[in-house]
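I opened a fresh notebook page for this one. My plan was to look up burial, charge pairs and surface patches.

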Amino acid sequence: MYQSDETDNEQASLVSSQSMKPSPDTLTKLVKRLRALVTKLLPVEVDYKSINDPTSRVITPNVISAFLDAAGDLGEALPYCLLRAHADFKREAYLNPADFGENTGRAVACEVLARRIVHQNPSEKIKSLMSTRYRHREPDGDISEASSALEIAIDTHCTIFLSSTEAQNVVRALWDGELVQTLTDQDDIQYVSYHESRQAGFWGHMNPSRISVPRYQNFLRIVIWFLFLAVYSQAVREPLDLLDPNHTVLDVWEIVLYTMGLAFSLEDTHRFYKLFKYATYRAFGFWNAAALITDSLLLAACLLRIAGLCTTGDHSNTLRLRSFQVLSFVAPFIWLLITIFDGHQYVGTMQICVSRMLQESGIFFALLSVLGIGFLQGLYALDVADGSSEGPSLLVNVLVQGLLQSPNYDKFSGSPVGLTLYYLWNVATAIILLNVLISLFSSAYAEVVEDAEAEYMTFFAGKTVAMIRAPDSYVYPAPFNLVEVFFVAPFETFGLRPQRYAKLNRDIMSIIFFVPLTFIALFETSIVKKSWMTSWLGQDDEVDTENPDLLDPVVEGLDADNGLEISKIPFDELVKRFPNTEQSMEATIVKEIKEIQARLEVLTTKVDRLHTSH
């Protein structure tokens, strides 16, 4: 977390607004009012796509205006409250399956309203609307953790809101380090602009807080992944290199491997803590499970290795062998960490597809487990019918072989009943369940690809905010977090004053991350020096629709002397010929009908007057 030494006007305004935040009870009342309005707006089930349509007949300009007025003086908190209402409707949808469609439609309406309302605000207010943190009163009476509209949208997977230009601009600013976190006088968190990145020289950029910038964190993790991969490759070669089965000393590569594994485990534990504290258990996905399995395997291999060192004889050699066997299982999961390149859209979309498909396969594995237990019990009963048994593990192996399209029919050739059961198992799995799994994979892939850009932007927003989300005050990426845990954090526990503790962290981070900070400083100062080039390459190509010189240009020079003219017809006259694309076809028809109705009323009034006069 970045903590500025100077308080500029912008930060001062944010801090002053902090003290004027509405109370949790007031915000809870607004959330309930918004939910009542949305329920009135959508009393029946409505197609989700029609709600999100830019020319929706549901979310019209009048509806948006009504919700803006419904917030009263709390307009700044309206996007936050709408997204909170969205989360409540989603929870009700899962708790009450009978009204799943209605509540899901209302949740989508809240999300669309939040996006449209943010879009209507001036650009200078977007950051405040997105990042200001509020608290509300939870159903059990407790006050919630402080969170912002951006964080709620990430926790509840709001693809519509997070794929908006405004949300992505804030996310990109956080990713690049243009927006940084700072503590207010009330120990709350606000995002402020990092002005030093455009003003200070090289030494001004040697700021340890820049390590917490998501872009630099991501790059550092990629470098560490390559180093971890090299260390693992050397560690698994240790038995072959030493050629001594009785070797009882930890190799240097093993020490480094297990030290880095401990650091990764602590980092993942901290990540899981934040996940369950600030989000919900539904946010625990496939890649979190993969990280948990990797940490568990590394821990098991390390414990077996240490146990082998503490014993002697054949038992020691057995434990050493088991340690390296467990360690070999880590390799596929380490290579799965290639997803650290998910900052690129292709890799990120691939990761989303794999994760979604594995989530959808839950139905398949639930059916498979129940069916497998039934067939296993039946085959085991046949196996023990003659008074002897080959063991259930052998039967499990045969069933798995059949599931993987390599059935062993000779195993049951002597038992017609057993062979029949085995036939049924292969028919149920190979023909029925596997086709169900293929259908689930296909539908999940189609859903992700259909909305791939929005899904990736949502994923990228979650990745960015997760790197800087509270309560991280000083970011030590693994394996450097071991330094924080064992050598820095105890000073905070022993009551070191906050100012001295902050200075201690800055000094230690400056030493540990001297090389990365040097590259960061060179990178950021080179951006400032070449600002003319970045401005030229990344110049704004948007058309200003309010500039009359652009709308009705005047020809000058030789072309003007020759009588050439562009703006023979004014821009406003040309626009009048366009259809109103901000309204749906139904709204346009209704508007025209109302105009005709008004003219008919005028005509009827005139006819009645003429009839009365005669």
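I fixed my terms first: buried means under 20% relative accessible area, exposed over 50%, and partly exposed in between (1.4 Å probe, protein chains only). The model is predicted, so I noted that local features need pLDDT of at least 70, side-chain atom pairs count only at pLDDT 80 or more, and totals for chains, interfaces and linings use all residues. Residues are numbered from 1 along each chain as its sequence is written, and side-chain values use heavy atoms, without hydrogens and water.

Entry one: salt bridges. I count a side-chain nitrogen of Lys or Arg within 4 Å of a carboxyl oxygen of Asp or Glu. The structure holds 10 of them.

I looked up E267 and R221, which meet in a salt bridge at 3.0 Å, N to O. E267 lies in helix 14 and R221 in helix 12 (residues 214-235), so the pair ties together parts 46 residues apart in sequence. Helices here are DSSP runs (H or I, at least four residues), numbered from the N terminus. E267 is buried at 15%; R221 is partly exposed at 23%.

Entry two: a network. Shared partners join R35, D88, R91 and E92 through salt bridges. D88 meets R35 at 3.8 Å. D88 also meets R91, at 3.2 Å. R91 and D88 both lie in helix 5, three residues apart. D88 counts as buried at 11%, while R91 is partly exposed at 37%.

Terms used: Helices (H or I, at least four residues) and strands (E, at least two) are DSSP runs, numbered from the N terminus.
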